[in-house]
Amino acid sequence: MEKVALVTGGARRVGAGIVRYLHDRGWRVALHYRSSSADAQALADELNARRPESVALFQADLLDTAKLPALITQVLTRFGRLDALVNNASSFFPTPVGQFTESAWQDLLGSNLKAPIFLAQAAVAALRESRGAIVSIADIHADRPYPEHTLYTVAKAGLVAMTRSLARELAPQVRVNAVAPGSNLWPDQDSVFDATERARIEATIPLARTGTPQDLAQAIHFLLEAPYVTGVILPVDGGRSVVL
Ligand SMILES: NC(=O)c1ccc[n+]([C@@H]2O[C@H](COP(=O)([O-])OP(=O)(O)OC[C@H]3O[C@@H](n4cnc5c(N)ncnc54)[C@H](OP(=O)(O)O)[C@@H]3O)[C@@H](O)[C@H]2O)c1
């Protein structure tokens, strides 16, 4: 039976790269999206043309915590099993001191931390049954803060703590790991990373290039299939965390 991964925020960018990579290696994919329905549908159509009924779409705003158990139930109803939860969905924007608002807190902590925690709880029975795994996408800046991004940094640091805590609590049935990207895809619209800032960051990456969604997906796939690895935060950053 082909394994099933739920990838959150899987319609575009890094998430779509993860979906493609896992699908190429024989996984079936529950592709979650929030607003990017056209991208999600196009990706599902393309992958289902290669292997019929191997990808299904699930729409949800992950800030609506009460609906997360239903999301897992829908995935189980459609596929009959769940082997992996990949927490990729995320919001990202600066919050300098003075701009800490309730709505920024809800958005940044909600998508990057609260949703992964409650999704993990909703998925744990199915993951125990399948001897499955959770992989979350953290950030090298969880440890080494990027200026004026306190709420995002706190959320990703919490995601790192969640990874270690659940790795301990859910063993030996469920493995729990994270990847920590450096600079993979620059945000689509961004006032933070202007051309000068991008060049400055790129000049500090030992492997002399920004990462790709495939670089991250390869590491995620490794963590999903590595039977003796749990509680690990794996930097996938071209070596940048070494020099930060
Ligand atoms: N890109 C990088 O260089 C980089 C660097 C460090 C860490 N990361 C981490 O890597 C992951 C992927 O990065 P990315 O740049 O590809 O992410 P992204 O494009 O900023 O966001 C990915 C998806 O998250 C979904 N999302 C956001 N808020 C949501 C919510 N409340 N409910 C449901 N879905 C929500 C969106 O789905 P819809 O479009 O469907 O609304 C969006 O397409 C993220 O966890 C990010 O923090 C990325």
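Which helices and strand each supply at least two residues of the shell around the ligand? In this predicted model, the elements that do so are helix H1 (13-24), strand S2 (28-33) and helix H5 (150-170). The ligand sits in the largest pocket, and the points below begin with its surroundings before turning to an aromatic pair and to two features of the backbone.

**The shell around the ligand**

- There are 25 residues around the ligand, and those that come nearest are Arg13, Ser36, Asn88, Asn184 and Leu185.
- Sorted by chemical character, the residues of this shell comprise 11 that are nonpolar, nine that are polar and five that are charged.

**Polar contacts and burial of the ligand**

- Ser36, which is among the residues that come nearest to the ligand, places a polar side-chain atom 2.5 Å from one of the ligand's oxygen atoms.
- Asn184, also among the nearest residues, approaches through its backbone, where a polar atom lies 2.7 Å from an oxygen atom of the ligand.
- In the case of Ser90, an N or O atom of the side chain is found 3.0 Å from an oxygen atom of the ligand.
- The ligand taken alone would expose 880 Å², and the protein buries 90% of that area.

**Aromatic pairs**

- Four aromatic pairs are found when the whole structure is searched.
- One of them is formed by Phe92 and Tyr152, whose ring centres are 4.7 Å apart and whose planes stand at 75 degrees, so this pair is edge-to-face.
- This pair links distant parts of the chain, with Phe92 in the loop between strand S4 (84-87) and helix H4 (102-130) and Tyr152 in helix H5, the two residues being 60 residues apart.
- Helix H5, which holds Tyr152, is also one of the elements that supply at least two residues of the shell around the ligand.

**Backbone features in the loops on either side of H5**

- Most residues other than glycine have a negative phi, and most peptide bonds are trans.
- Glu148, a residue other than glycine, has a positive phi near 65 degrees, and Glu148 belongs to the loop between strand S5 (133-137) and H5.
- The peptide bond that runs from Ala171 to Pro172 is cis, with an omega near 5 degrees, and Pro172 is located in the loop between H5 and strand S6 (175-181).

Notes:
Residues numbered from 1 in each chain as written. Predicted model: local features only at pLDDT ≥ 70, side-chain atom pairs only at ≥ 80, totals over all residues. Heavy atoms only, no water. Near = heavy atom within 4 Å. Polar contact = N/O pair within 3.5 Å; in protein donor to acceptor, adjacent residues only side chain to side chain. Areas by Shrake-Rupley, 256 points an atom, 1.4 Å probe, with all protein chains shown as cover. 1 Å grid on protein atoms, 1.4 Å probe; cavity = no way out; pocket = protein on both sides within 12 Å on 5 of 7 lines; lining within 4 Å. Sits in = over half its atoms within 2 Å of the grid points. Helix = DSSP H or I, 4+ residues; strand = E, 2+ residues; numbered from the N terminus. Nonpolar A, V, L, I, M, F, W, Y, C, P; charged D, E, K, R; others polar. Phe/Tyr/Trp six-rings, centres within 6.5 Å; stacked < 30°, edge-to-face > 60°.
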